Amino acid sequence: MATTATQVVPDTPAAEFRLPATDGKTYARDDVAGEKGTVVVFICNHCPYVKAMIDRMVSDARVLMSEGVGFAAICSNDAASYPEDSFENMKRFAKAHDFPFPYLHDETQTVARAYGAVCTPDFFGYNADRKLKYRGRLDEGRTTPPRAGAPRELVEAMRAIATTGMAPADQKASIGCSIKWKDEKSRALS
């Protein structure tokens with residue numbers, strides 16, 4: 001069942017994190033931040049919404065990164081219940097789609113909770129001061145591509161944030177699979 005991202009208060013600071021990545025390195029929030037802004041997106045490997053948009057997202061990430069906007073993807077799903085989202089499978093997924101950005105593993109799910117992530121994909125766009133300005137979607141595509149000529153909503157929003165400090169007022173929430181949370185017992189053990 002599809003889950004819609006909830007609205008988050010504008011200007012909320014980006015939460016700190018330090019997570020292992022599929023490239024063998026560990027990244028903190030400031031390591032992935034860009035000079036003109038930062039996108040943090042929560043994704044996973046198995047979600048049909050993510051699979052449908054992943055190549056568009058990678059393409060748009062390359063554009064934004066070339067313009068001084070940092071980009072990172074985080075998988076917070078419970079891999080015990082969803083083995084396709086394991087760290088080893090994250091490595092394969094990142095390689096298969098030629099990620100130019102870090103793909104981070106949030107095994108304890110504390111980062112997803114700190115950001116208020118609820119679905120995959122779930123996009124958070126921050127300005128240069130790491131204040132939340134965009135909580136929207138990549139584009140109008142869901143499990144099918146967007147119509148020809150549809151706006152590249154994330155790219156356009158982050159360009160506006162980078163140049164004016166302001167995001168578009170009309171931000172359409174991302175829709176995707178729910179984050180696969182560990183149950184309380186599992187979380188206490190992790």
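**Exercise 1. Charge balance and surface**

Task: In this predicted model, how far apart are the mean positions of the positive and negative charges of the protein chain?

Solution:
- Start with the counts: the protein chain has 25 positive and 25 negative charges.
- Now compare their mean positions, which are 1 Å apart.
- Turn to the surface. The accessible area of the protein chain is about 8,800 Å². Carbon and sulfur atoms account for 53% of this area.

**Exercise 2. Overall build**

Task: How many helices and strands does the protein chain have, and why is it called as compact as a globular protein of its length?

Solution:
- Count the elements: six helices and ten strands.
- Next, take the radius of gyration, 15 Å. The globule rule gives 16 Å for 190 residues. The two values are close, so the chain is as compact as a globular protein of that length.
- Add the box: the C-alpha atoms fill roughly 45 × 35 × 30 Å along the principal axes.
- Check burial: 49% of the 190 residues are buried.
- Finish with contacts. Take those between residues at least 6 apart in sequence; 78% of them join residues at least 24 apart.

**Exercise 3. A three-stranded sheet**

Task: In which order do the three strands of the open sheet stand, and which strands are at the edges?

Solution:
- The order is β1-β10-β7, with antiparallel pairing.
- β1 (2-4) and β7 (119-120) are the edge strands. Each has a single partner strand, so one side of each lacks a neighbour in the sheet.
- Look at the β1 pairing: three bridges join β1 to β10 (residues 175-178). In β10, G176 is the bridge partner of T3.

**Exercise 4. Surroundings of F71**

Task: Is F71 buried or exposed?

Solution:
- Locate F71 in strand β5 (residues 69-75).
- Apply the cut-off: buried means under 20% relative accessible area. F71 has 2%, so F71 is buried.
- List the contacts, leaving aside neighbours within four places in sequence. Among them are V32, V39, V41, M57 and F101.

**Exercise 5. Backbone exceptions**

Task: Which residues does the cis peptide bond join, and where does Q109 lie?

Solution:
- Recall the background: most residues other than glycine have a negative phi, and most peptide bonds are trans.
- The cis bond joins T120 and P121, with omega about 0°. P121 lies in the loop between β7 and β8 (122-126).
- Q109 sits in the loop between β6 (103-105) and α4 (110-115). Its phi is positive, near 70°. Q109 is buried, at 0% relative accessibility.
- D11 also has a positive phi, about 75°. This residue lies in the loop between β1 and β2 (18-20). D11 is partly exposed, at 40% relative accessible area.

Notes:
Residues numbered from 1 in each chain as written. Predicted model: local features only at pLDDT ≥ 70, side-chain atom pairs only at ≥ 80, totals over all residues. Heavy atoms only, no water. Helix = DSSP H or I, 4+ residues; strand = E, 2+ residues; numbered from the N terminus. Rg over C-alpha atoms; globule rule 2.2 N^0.38 Å. Buried < 20%, exposed > 50% of the residue type's maximum accessible area, 1.4 Å probe, protein only. Contact = heavy atoms within 4.5 Å. Areas by Shrake-Rupley, 256 points an atom, 1.4 Å probe, with all protein chains shown as cover. Lys, Arg positive; Asp, Glu negative; His and termini not counted. Charge placed at Lys NZ, Arg CZ, Asp CG, Glu CD. Pairing = 2+ DSSP bridges.
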